[in-house]
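Welcome, and please take a look at the structure below. The short report that follows walks through a few of its features.

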Amino acid sequence: MLTGENLVQLVAKLLHQGLGMAGLSGFISIIDPVVCAVVMFGFISVFVMFLVWMERKVSAHMQSRIGPNRVGPLGLLQTVADAIKLTIKEDVKPVNRDKIPYYIAPIIAFVATFAGMIVIPFDKGMVVQNLNIGMLYVIAITSFTVIAILSAGWSSNNKFALLGGFRSAAQIVSYEVPLVMSLVPIIMITGTLSFTGVVEYQEKAGYWLVFPEFLAFLIFITSATAEANRAPFDIPEAESELIGGFHTEYSGVKFAMFFLGEYIAVIVSSAVAVTVFLGGWLPVPFLHFLHIPGFIWFMAKLLLVIYLIMAFRWTFPRLRVDQLMDFGWKVLIPISIINILLTGFCILFFGKGV
Amino acid sequence: MGALGSYFKNIFLGFWNLMIGLSITTKYFFKPTMTQQYPEERLPLPERSRSMIKLIYDGEKDQFNCVACMMCAKACPNNCIKLEGVRQADGKRRMTTFKLDFSTCIFCGYCVEACGFDALTFVSEEYENSVYKRGSLLQDEQAMRWNRPAHLAPPAEEPAETKAAAGAAAGA
């Protein structure tokens, strides 16, 4: 039966044999990570293109429209056309920009979110690096985007960009707290920080952690949406108030990298939500007999969660800045503290379940 | 209910309202779209919609209904109608040339209202007025000729005798 582990082993075997035939066996330790990075980058780029198309289709159908349908079958090549257009576009730069942060910001925005992907297990054994502090790593590395956004806002030498950067700093700092606190009960239950370990716990326990920790799931999805700067928390780039926010002065490839970074942030947070709450690569209950490979289950759940985040964007109106702060500090954080306490009491009185 | 109770109640109500919104968008997500892909799909317009102005051509008598009374040209606020007519051997006037410049026409419909001889009308199925040259919008009577289908014709007038009889009856 095809599983992610077999697939990875097959590819690794073929690669190592090929390298051995080419007489490059000494470079395996260098080439392996490079291959992983390239495969991951290719997968992410294609998946982001698909997601942009999906977002346009989802929003269109929610508004009784059709959406892109001219380029390619069902408009699938529309984002490819957009990407080509963005790469060959002139790179317009403001004259009085602060040069070094201006260049570094899009790179950080892209790299920081992209680096979060390497600890996500797509299937049993199908993970770039199974860190034993995976959750800590993802939370730490993805919040680097705030540096990118702040430096982009500052270096653009534009008041709207600066305001967007400030708002983003306030927002990400506020929503980092409930994001971490919604993962604390999971760590308490499973006793591990590794994503593979969390999924293995769920396999052993026989239930997904979304059922005992539904509140934590809601808090996580909400604060992940805020972390990714997506509507209804898109005040750093609120089109109607700040033109484009921090990426007002960016064009061409640099703008594309910010755009890519936003979608990768969505993918990473949804992947974390799927792994932690929805059982990762585990099949849906009562569908074990279908023998569908684990990574297909993972992708199906991932698309479902991403659809949910897209539905948020096209349903809810944008919050004001003060409402955003109220919601973060007065609602999400107290509720997540209560959730941690409740989980602790349950573990104390009923045991851990496994 | 104390402050704490209303705090939790507010959170729950807010969550519930967001779920209502999500259910509506999800419902619309699965509904069929209402977009018409215009060049491929065309909606039939209502028969009385204001589209192109046409000259009604009477197939039976092999002539236009227009008698060149100039009422339409006088009613036109933009002076875009130019027409000429001659008196025929039987003493009736007939239109010879009719020119309507659609580049200045505002489709106000005054000419159609002013026409007393059922000669000018709006036609619903022709509404694509884009042309490559401005001059192409100046249409003459041959371009505006339109054979009216029978179901759009006005009801036939009653014969004069019955009308007079009805008038006499009303008078008596």
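## A residue on helix 1 of chain A

A:Q17 belongs to helix 1 of chain A, which spans residues 4–21. This is a predicted model, so it helps to begin with a simple count for this residue: is A:Q17 buried or exposed? Inside 10 Å, A:Q17 has 11 C-beta neighbours, and because a residue with 12 or fewer is classed as exposed, A:Q17 counts as exposed.

For a sense of distance, take A:Q17 together with A:M188: their C-alpha atoms are 43 Å apart in space, and 171 residues separate the two in sequence.

## The nonpolar cores

The largest nonpolar core has 84 residues. Which of them touch the most other members? They are A:A109, A:F220, A:Y263, A:I264, A:V268, A:A273 and A:V276. Helix 11 of chain A, residues 252–277, supplies the largest share of this core, with 16 residues.

If you would like one residue to click on, try A:Y263: beyond its neighbours within four places in sequence, A:Y263 is in contact with A:V48, A:L51 and A:V52. There is also a second, separate core, made of 18 residues, and B:L55, B:F64, B:C72 and B:I81 are among them.

## Where the chains meet

Between the two chains, 11 residues of chain A are in contact with 12 residues of chain B. On the chain B side, six of the residues are nonpolar, five are polar and one is charged.

Two helices meet across the chains: helix 12 of chain A (residues 294–315) packs against helix 1 of chain B (residues 3–30), with axes 10 Å apart and an angle of about 100 degrees. Helix 12 of chain A and helix 1 of chain B are therefore roughly perpendicular to each other. From helix 12 of chain A, the contact uses A:A311, A:W314 and A:T315, while helix 1 of chain B brings B:G21, B:L22, B:T25 and B:T26. Three of the residues in this helix contact are nonpolar, four are polar and none is charged.

## Strands of chain B

Strand 3 (residues 81–87) and strand 4 (residues 93–101) of chain B run antiparallel and are joined by seven bridges. B:I81, a member of the second core, has B:L100 of strand 4 as its bridge partner. The hairpin of strands 3 and 4 of chain B has five residues between the strands, and there B:G91 takes a positive phi near 85 degrees.

Strand 4 of chain B also pairs with strand 6 of chain B (residues 138–140), again antiparallel, through three bridges. Here B:K99 stands opposite B:D140 of strand 6.

Conventions:
Residues are numbered from 1 along each chain as its sequence is written. Chains are lettered from A and ligands numbered from 1 in the order in which they are written. This is a predicted model: local features need pLDDT of at least 70, side-chain atom pairs count only at pLDDT 80 or more; totals for chains, interfaces and linings use all residues. Two residues are in contact if their C-beta atoms, placed from the backbone, lie within 7 Å. Ala, Val, Leu, Ile, Met, Phe, Trp, Tyr, Cys and Pro count as nonpolar, Asp, Glu, Lys and Arg as charged, and the others, Gly among them, as polar. Axes are lines fitted to C-alpha atoms, for helices over the stretch in contact, and angles run from 0 to 180 degrees between N-to-C directions. Helices (H or I, at least four residues) and strands (E, at least two) are DSSP runs, numbered from the N terminus. Angles under 35 degrees count as roughly parallel, over 145 as roughly antiparallel, 65 to 115 as roughly perpendicular and the rest as oblique. Two strands pair if DSSP finds at least two bridges between them. A nonpolar core is a set of buried Ala, Val, Leu, Ile, Met, Phe, Trp, Tyr and Cys residues joined through C-beta atoms within 7 Å. A residue is buried if 20 or more other C-beta atoms lie within 10 Å of its own, exposed if 12 or fewer, and partly exposed in between; C-beta atoms are placed from the backbone.
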